[in-house]
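Here is a short briefing on a predicted model. It covers the cysteines, the main pocket and a strand pairing.

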Amino acid sequence: MSACIFCKIIKGEIPCFKLFESDKTLAFLDINPLSRGHALVIPKFHGAKLTDIPDDHLSEILPVAKKLATASGAGNFNILQNNGRIAHQLVDHVHFHMIPKPDEKQGLGVGWPQQETNMDALKALYEELKSKM
């Protein structure tokens, strides 16, 4: 945690362009934005992956991301949260991106490699996941 860049931002050891702060949440502009208004919303509780963060430390995340989207004036935007290196997570502290998408060139570019569905396999997966919820 002592080497975590976001923990250092939370502690004020590294400056940021702070947009929102509460006891549990911090939002600030991304210094390597994909588009104008690209911001990050982070829980102050340190955890590398979403599953590491207690639920009560996540309660403000989406409302703050919504406020950022509204404040930015973005008609189109992405809310993105990655978990793990192969899922493109670069900082091991949970963070949510609010990325305005003003046109095809700016903002997040996403591929969506859909797979054909085997309905029997999908039903088995449904039963497995539902039993764990």
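C4 is buried, with a relative accessible area of 9%. Its sulfur lies 3.6 Å from the closest cysteine sulfur, in C7. A disulfide needs the two sulfur atoms within 2.5 Å, so this pair does not count as one.

**Cysteines**
- C16 is partly exposed, at 26% relative accessibility.
- The closest cysteine sulfur to that of C16 is in C4, 13 Å away, which is too far for a bond.
- The disulfide count comes to zero.
- A disulfide is a covalent bond between the sulfur atoms of two cysteines.

**Largest pocket**
- The largest pocket holds about 500 Å³ of space.
- Its lining has 25 residues.
- F6, D30, I31, N32 and L40 are the lining residues nearest the centre of the pocket.
- Three elements each give two or more residues to this lining: α1 (5–11), β2 and β5 (96–100).
- Helix α1 gives the most, with three residues.
- By class, the lining of the largest pocket has 17 nonpolar, seven polar and one charged residues.

**Strand pairing**
- Strand β1 covers residues 18–21, and strand β2 covers residues 25–29.
- The two strands pair in the antiparallel sense, over three bridges.
- Which residue of β2 is the bridge partner of K18? The partner is F28.
- β1 and β2 form a hairpin, with three residues between them.
- β2 thus has two entries here: the hairpin with β1 and the lining of the largest pocket.

Technical notes: Residues are numbered from 1 along each chain as its sequence is written. This is a predicted model: local features need pLDDT of at least 70, side-chain atom pairs count only at pLDDT 80 or more; totals for chains, interfaces and linings use all residues. Side-chain values use heavy atoms; hydrogens and water are left out. Two strands pair if DSSP finds at least two bridges between them. Helices (H or I, at least four residues) and strands (E, at least two) are DSSP runs, numbered from the N terminus. On a 1 Å grid over the protein atoms alone, a cavity is a set of points where a 1.4 Å probe fits but cannot get out, and a pocket is an open set with protein on both sides within 12 Å along at least five of seven lines; lining residues have an atom within 4 Å of a point. Grid points are joined across faces, edges and corners, and a volume is the space filled by probe spheres set on the points. Ala, Val, Leu, Ile, Met, Phe, Trp, Tyr, Cys and Pro count as nonpolar, Asp, Glu, Lys and Arg as charged, and the others, Gly among them, as polar. Buried means under 20% relative accessible area, exposed over 50%, partly exposed in between (1.4 Å probe, protein chains only).
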